[in-house]
Amino acid sequence: MELYEVILIELNTQDELSVQIEVDEGETTENIVISATIKEQEITVSNYNYLLAFQEFRDKLLIAGYGIKCNGSRLNAVQSGMLGATDKVYLVERGKQALMKDIVHIWDYAEIDTFPDTKQQNAFFEQWIR
């Protein structure tokens, strides 16, 4: 079980909130389980792939009115099949190949002010692939 301290931003007020995220990285189940309690609301997701679990978690937070200030929330965060079971993503640029130096931790803080959902992130990924 891993615990990560992250900063959420309430999208309506722009207020920041420090929240602890709990991640079961396959210790008690074959899936990645991500959970947090935000203002007495429990949000939990489970998926075999780390980025897919993160995206589902992030989308639930967006629906609840919160963005996560972390690398996984960046529009250009993508994950190769080889990284699928890890908490690592590539931060890529259009027209450039992903390199080892582009690998970052999903939960590390990122100073961002836009919070794409999974659909937008996947659209960027498709453009990057082309």
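## Helix H1, Ser35 and two loops

In H1, the buried residues (under 20% relative accessible area with a 1.4 Å probe, protein chains only; over 50% is exposed, and partly exposed sits in between) are Tyr50, Leu51, Ala53, Phe54, Gln55, Phe57, Arg58, Leu61 and Leu62. A quick note before going on: this is a predicted model, where local features need pLDDT of at least 70 and side-chain atom pairs count only at pLDDT 80 or more, while totals for chains, interfaces and linings use all residues. Residues are numbered from 1 along each chain as its sequence is written, and side-chain values use heavy atoms, with hydrogens and water left out.

Helices (H or I, at least four residues) and strands (E, at least two) are DSSP runs, numbered from the N terminus. H1 covers residues 50-64, and its 15 residues reach 21 Å from first C-alpha to last, close to the 21 Å expected (1.5 Å times one less than the number of residues). At its start, a side-chain oxygen of Asn49 comes to within 2.9 Å of the backbone nitrogen of Leu51.

Over in strand E3 (residues 32-38) sits Ser35, which counts as buried because its relative accessibility is 11%. Ser35 touches (heavy atoms within 4.5 Å) residues including Gln20, Glu42 and Phe57, leaving aside residues up to four places away in sequence. Phe57 is also one of the buried residues of H1.

Now for some positive phi values:

| Residue | Phi |
|---|---|
| Gln14 | near 70° |
| Glu40 | about 70° |
| Gly65 | about 100° |

Gln14 lies in the loop between E1 (2-10) and E2 (16-25). Glu40 is in the loop between E3 and E4 (41-47), and Glu40 is exposed, at 80% relative accessible area. Gly65 comes just after H1.

Notes:
A polar contact is a pair of N or O atoms within 3.5 Å; within protein, one must be able to donate a hydrogen and the other to accept it, and residues adjacent in sequence count only if both atoms are side-chain atoms.
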